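Work through the exercises below with the sequence and the structure at hand, and try each task before reading its solution.

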Amino acid sequence: MTSIAANLQAVRERIGAACRAAGRPADSVSLLAVSKTWPASALRDAAGAGQLAFGENYVQEALDKIATLQALALEWHFIGPLQSNKTRAVAENFAWVHSVDRLKIAERLAAQRPPNLPPLNVCLQVNVSGEASKSGCAPAEAPAVAAAIVRLPGLRLRGLMAIPEPTDDTALQRRRFASLREALATISAQTGSPLDTLSMGMSDDLEAAIMEGATMVRVGTAIFGKRDYTT
Ligand SMILES: *Cc1c(COP(=O)(O)O)cnc(C)c1O
């Protein structure tokens, strides 16, 4: 077994244990393997171990891997900051975008999603950490932005995503994740659309996220190892 396969198995066991602790079914949480900075060969190893959904942060890096690994029919999720001039490549090549943080980006993705593809699944990224984090739309604005996204063609609003500030304080982790869960409940009620996705939890805090209702955890380091940004 490659170390990636062994790491994947360990992450699946952590997810299973967290689901048991939370009294949730094991299949209520899906695993997104965050492969930014890793070469196509690492993704191939993970795919060989049954992992088919991958999260990428950088558009050009992702496009290269998507082309290289085309034959594997992987599911690609864009999770990084998204600038207006990169939306077309994302709309044309990904199945999901977790990092929609303003209406303008959603409108561009909607206009640029090719009509022959299924709707692009999107999550609205919400800043649940206030001043401590700059990314994501303000919680107070999220219901109005979500309601506008729901009306766009070519997109399917699936739920919310957050990246809380890193902390070892598990009570604080849980409060941040709980606030995203509460925001999803509010927005589901207001828009009347069935939002089913809470994209939250990473290598260091996936247990807290699952306790608070995460349906998709985004895990990089625990699968692929520590990233090296120097090369
Ligand atoms: C890099 C990244 C992750 C994975 O983080 P790890 O700590 O390596 O598990 C998850 N979500 C987003 C948005 C990321 O950029």
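**Exercise 1. List the residues around the ligand and sort them by class.**

Solution. Begin with the residues that surround the ligand in this predicted model: they are Val34, Lys36, Asn57, Ile79, Ile163, Met202, Ser203, Arg218, Val219, Gly220, Thr221 and Arg227. Next, sort this shell by class, which gives 5 nonpolar, 4 polar and 3 charged residues. In this sorting, glycine is counted among the polar residues.

**Exercise 2. Find side chains whose N or O atoms approach the ligand, and state how much of the ligand the protein buries.**

Solution. Start with the oxygen atoms of the ligand: one lies 2.5 Å from a side-chain N or O atom of Ser203, and an oxygen atom is also found 2.6 Å from a side-chain N or O atom of Thr221. Then turn to nitrogen, where a ligand atom is 2.9 Å from an N or O atom in the side chain of Arg218. Finally, consider the surface: the ligand taken alone exposes 390 Å², of which the protein buries 89%.

**Exercise 3. Identify which pocket the ligand takes up.**

Solution. Compare the space taken by the ligand with the pockets of the protein, and that space proves to be the largest pocket.

**Exercise 4. Place Ser99 in its strand, decide whether Ser99 is buried or exposed, and find a backbone partner for its side chain.**

Solution. Locate Ser99 first, in strand β4, which spans residues 96-100. Ser99 counts as buried because its relative accessibility is 2%, and buried means under 20%. Lastly, follow the side chain of Ser99, which reaches the backbone oxygen of Gly80 at 2.6 Å.

Notes. Residues numbered from 1 in each chain as written. Predicted model: local features only at pLDDT ≥ 70, side-chain atom pairs only at ≥ 80, totals over all residues. Heavy atoms only, no water. Near = heavy atom within 4 Å. Polar contact = N/O pair within 3.5 Å; in protein donor to acceptor, adjacent residues only side chain to side chain. Areas by Shrake-Rupley, 256 points an atom, 1.4 Å probe, with all protein chains shown as cover. 1 Å grid on protein atoms, 1.4 Å probe; cavity = no way out; pocket = protein on both sides within 12 Å on 5 of 7 lines; lining within 4 Å. Sits in = over half its atoms within 2 Å of the grid points. Helix = DSSP H or I, 4+ residues; strand = E, 2+ residues; numbered from the N terminus. Buried < 20%, exposed > 50% of the residue type's maximum accessible area, 1.4 Å probe, protein only.
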